Structures are given as C-alpha cells and as structure tokens.
Amino acid sequence: MSSSVPRLVVAAPSSGSGKTTVATGLMAAFAARGLAVSPHKVGPDYIDPGYHALATGRPGRNLDAYLCGPELVGPLFAHGARGCDLAVVEGVMGLYDGAAGEGELASTAQVAKLLRAPVVLVVDASSQSRSVAALVHGFASWDPQVRVGGVILNKVASDRHKELLREALEASGVPVFGVLRRTAQVETPSRHLGLVPVAERRGDAVEAVAAMAAQVADGCDLGALMELARGAGALPGAAWDAAGALAPPAHDRPARPVETSPPVVAVAGGEAFTFSYAEHTELLTAAGAEAVVFDPLRDEQLPDGTQGLIIGGGFPEVYAAELSGNEPLRQAVAALAERGAPVAAECAGLLYLCRELDGLPMCGVLDASARMSERLTLGYRDAVAVSDSVLAVAGTRMRGHEFHRTVIEPGAGAAPAWGVRTPRPRVEGFVQRGVHASYLHTHWAAEPGVARRFVERCRTS
C-alpha cells in the first residue's frame with residue numbers, strides 16, 4: 001500500500017508562475033539521484049503528464065476531483081505511487097482555483113488536503129521584492145487546512161534581488177527552499193491549446209527536461225524538500241486497482257470463468273493523438289482486452305484482429321494533411337465502423353471521424369464537417385448519456401471536460417451522445433451503430449463499467 005509515500009504538491013499563486021518547470025525539474029532531479037518518483041498532475045491536463053513521464057520514466061497520472069470525485073483522489077494517487085520513494089504532484093492554475101462556481105472543488109488546495117500533503121508554493125518574483133512576503137502570507141494563511149511548507153522563488157533577476165526577497169520572507173515564517181533565475185533553455189514552446197506535447201518534440205523535450213533538472217538541482221535544497229515530503233500524513237484506505245474496480249458484486253459473478261481469447265482494441269497514438277489517461281488502458285486490459293497502440297499518421301492498417309477502436313484527444317488539426325493523406329487507414333476505420341464494431345472517439349477522435357477537417361477529407365464515418373475556430377471552448381461539464389451506446393446506457397451520468405478550438409457542424413447527430421447541463425443545456429456528439437463520438441473527455445475510473453461494456457461489445461460485434 002502506498003499511503004505512506006513521501007509527497008509534495010507544487011502549487012503557485014496563479015498560472016504562468018513556473019509550476020511545470022519546477023515540478024518537472026524536481027521529478028527529474030530526484031530521479032537522477034536514483035529515486036523512484038511518481039508523477040501526478042491536478043486536473044484534466046494531458047500535456048504536462050507527458051513531460052512528467054519523460055522526467056521519471058513512469059506514467060504521468062491525473063488527479064481530478066471533478067471528473068473522478070474527491071473520494072477517488074487518494075486511491076488513484078496510491079495506485080500510481082505504489083512502490084515509489086517520492087511523489088511529486090503538480091497543481092493547476094492558482095492554488096485555490098477550482099471548477100467554476102464550485103468552491104474549492106478540483107482545486108490544487110483540495111487535492112493537497114485530500115492527500116494530506118505539504119505544498120511548495122512557486123512564486124514568480126520577477127516584478128516584486130518586499131511585497132512577496134504579503135503574497136506568501138496570504139496564501140499560507142487563507143485555509144488553515146492547507147499546509148504551505150515553503151516557497152521556491154522563480155524568475156529572480158539578480159543576487160541583490162534574491163537577498164531582498166529572502167529578507168522580506170524571513171518575517172513570514174515560511175522557508176525558502178529554492179531560488180531560480182529565468183533561463184530560456186527551460187522554456188517550452190506553446191500553441192493554441194498550451195504546451196507542445198512531448199511526442200511532437202521528443203529530442204528537444206529531453207533536452208528541456210534535463211535543463212529543468214539541472215536548474216532545480218542547482219537552485220533548490222533537495223534535501224530539505226525531501227524532508228518536507230516525508231512529513232506528509234498517512235492516507236487511509238486502499239489503492240485503486242483496475243481489476244478490483246471492475247469486479248462485479250459476489251452474487252453476480254459466474255460460477256466458473258469463461259475462457260476466451262482477448263479481443264484486440266486498437267488505441268490511436270503517435271503525435272496526432274497524445275491525450276489519454278493511463279487508467280483507461282489499465283481498465284481495458286482488466287476487462288479482458290488486448291490494447292494495441294497504432295499511429296494514424298504512419299500505419300496504413302489497423303492492428304491485426306482489431307475488434308474495437310479507441311481514438312482519444314490530441315491535435316489532428318495540426319496534422320490534418322498527413323491524416324488525410326493516409327487514405328488506406330481512413331478507409332480501414334470507415335470499414336470497421338460500417339460493420340458495427342465498437343468505436344469510442346473523444347474530441348480529436350471526433351474530428352478524425354468527420355467527413356472533413358478544414359476542407360481535408362477525414363474518415364467520413366460521421367456526416368459532419370469540422371473546422372478550426374478562433375474561440376476557445378474550455379471547462380468542466382455535467383453530462384448524461386442521451387442514447388444507448390457501446391459506452392453507456394441512456395441515463396448514465398458522467399462528468400467530462402471540453403478543451404478545443406474547433407467547431408463541428410452539425411454539433412450532434414440524430415442520436416446524440418450526451419446531454420450537457422453546463423454552461424447551458426444542450427445535446428452534443430454522435431451515437432450511430434457501434435460509434436460513440438463526442439467532444440467530452442471523460443475519466444473512466446469514475447465509471448469503470450464503461451470499459452467493461454466496451455470490451456463486451458467487442459466480443460459480440
């Protein structure tokens with residue numbers, strides 16, 4: 001059980017303070033010292049965990065109290081951190097920022113409290129000196145249940161600036177665990193939805209993570225940070241387990257298990273489809289499937305024996321020409337859907353199944369057209385399944401997250417996937433034959449029956 005794993009939550013007063021640089025640098029610096037480091041990210045972000053995985057050699061895992069519920073944060077953490085020497089949790093937005101209109105729900109502060117973990121506050125000190133003490137005091141005292149164990153000062157201009165900041169913070173009683181200068185080498189490129197994923201810049205990302213590790217190791221007191229992490233409180237309860245989450249009640253179990261070969265579920269990957277939660281593949285495997293990753297940019301056929309298809313999120317708009325140019329695979333996907341095989345597509349997967357994306361031919365599974373938009377659609381969603389599908393029966397309630405700059409027309413099919421209550425009531429997505437396609441990203445750990453239902457449909461389709 002992993003409830004006693006030393007752990008830190010890396011937070012900040014606001015976005016843009018340097019959380020990702022510091023958290024990834026800490027992960028890589030401790031891993032370089034031979035520690036098994038478990039990487040975690042608060043919220044629905046898919047991109048930062050890719051850098052975390054590069055830093056630690058372990059899957060980056062998300063802790064989202066909105067998508068999964070507060071009760072699963074501890075068990076999912078313990079699952080990811082099992083057998084590790086240290087866990088580093090990168091926060092989201094500002095320390096106390098959560099789901100809009102929901103108080104502390106899904107905030108870094110809530111996750112820190114659920115994990116009984118100390119917080120290290122990363123402060124962008126580039127435009128302040130003595131005021132840093134008031135800022136830190138405010139964050140440290142706002143919620144007495146949140147333990148701000150210390151600060152790391154980022155973007156410090158000079159030695160004189162560093163001394164002014166340290167003098168100001170002496171009276172606050174909050175220790176300074178590190179001072180970092182602005183370094184162009186550790187900056188990572190961004191575009192319309194945030195950082196460019198690791199899969200798209202592997203060589204440069206390796207160098208960037210190495211630079212983050214060197215900067216953090218040089219500027220932070222790793223020994224003191226490890227000591228702080230060891231002070232995290234013990235977590236009650238058992239670690240999450242995919243097989244356990246799928247286990248039916250005792251009275252529903254068959255007398256003898258039926259031996260069958262595992263159905264092959266093809267999972268889109270590569271540079272164009274980088275958004276996924278590690279628990280999804282674990283649930284598919286626990287449900288009896290063989291999950292096989294393929295690359296729609298390069299593979300001209302689906303994996304041998306494919307009986308189901310998962311196409312998650314990513315950036316098909318960046319690779320539209322290449323995806324369109326791989327006509328043999330587009331035809332294979334269309335043929336699979338035509339015969340009624342289970343196909344689950346989220347966001348990028350939805351765009352790929354459309355007739356066209358920005359005027360370029362896609363798979364044509366859905367009679368819909370997709371295009372880039374100037375408008376960012378972002379936020380958590382409360383949803384209910386409108387139509388019976390390969391993922392859920394009508395009436396199933398789930399929570400999801402939208403994050404895109406694209407528009408599809410029409411926005412829903414004759415049988416919509418979801419009825420969404422927030423921010424305004426509407427229906428969206430498509431259910432037709434074995435296809436479930438939607439803009440919503442969901443976390444299957446919150447509703448493990450989704451994986452079981454999908455795999456069962458793969459066996460019978």
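Residues are termed buried here when their relative accessible area is under 20%, and in this predicted model that criterion is met within helix H4 by Thr108, Ala109, Gln110, Val111, Ala112 and Leu115. Helix H4, which covers residues 108-115, is accordingly mostly covered, with 6 of its 8 residues buried. The cover can be traced to several elements, since the buried residues of H4 pack against five strands and one helix: strand E1 (7-11), strand E2 (37-42), strand E3 (61-63), strand E4 (86-90) and strand E5 (119-124), together with helix H3 (73-81). Immediately after H4, the backbone at arginine 116 adopts a positive phi of about 50°.

At the level of the whole chain, 14 helices and 22 strands are found. The C-alpha trace spans about 70 × 55 × 40 Å along its principal axes, and the radius of gyration is 23 Å, which agrees with the value near 23 Å that a compact globule of 461 residues would have. Of these 461 residues, 57% are buried. The contact pattern is weighted towards pairs far apart in sequence, in that 76% of the contacts between residues at least 6 apart join residues that are at least 24 apart.

The accessible surface of the chain amounts to about 18500 Å², and carbon and sulfur atoms account for 50% of this area. The chain carries 41 positive and 49 negative charges, and the mean positions of the two sets lie 4 Å apart.

A second local arrangement concerns strand E13, formed by residues 343-346, from which Val343 and Ala345 point one way while Ala344 and Glu346 point the other way. Burial extends to both faces of this strand, as all four of these residues are buried, Glu346 among them. Strand E13 is paired with strand E12 (residues 306-311), the two running parallel and being joined by 3 bridges. Strand E13 also pairs with strand E21 (residues 435-438), again in the parallel sense, over 4 bridges. Valine 343 takes part in both pairings: leucine 309 stands opposite this residue of E13, and valine 435 is its bridge partner in E21.

Terms used. Residues numbered from 1 in each chain as written. Predicted model: local features only at pLDDT ≥ 70, side-chain atom pairs only at ≥ 80, totals over all residues. Heavy atoms only, no water. Rg over C-alpha atoms; globule rule 2.2 N^0.38 Å. Buried < 20%, exposed > 50% of the residue type's maximum accessible area, 1.4 Å probe, protein only. Contact = heavy atoms within 4.5 Å. Areas by Shrake-Rupley, 256 points an atom, 1.4 Å probe, with all protein chains shown as cover. Lys, Arg positive; Asp, Glu negative; His and termini not counted. Charge placed at Lys NZ, Arg CZ, Asp CG, Glu CD. Pairing = 2+ DSSP bridges.
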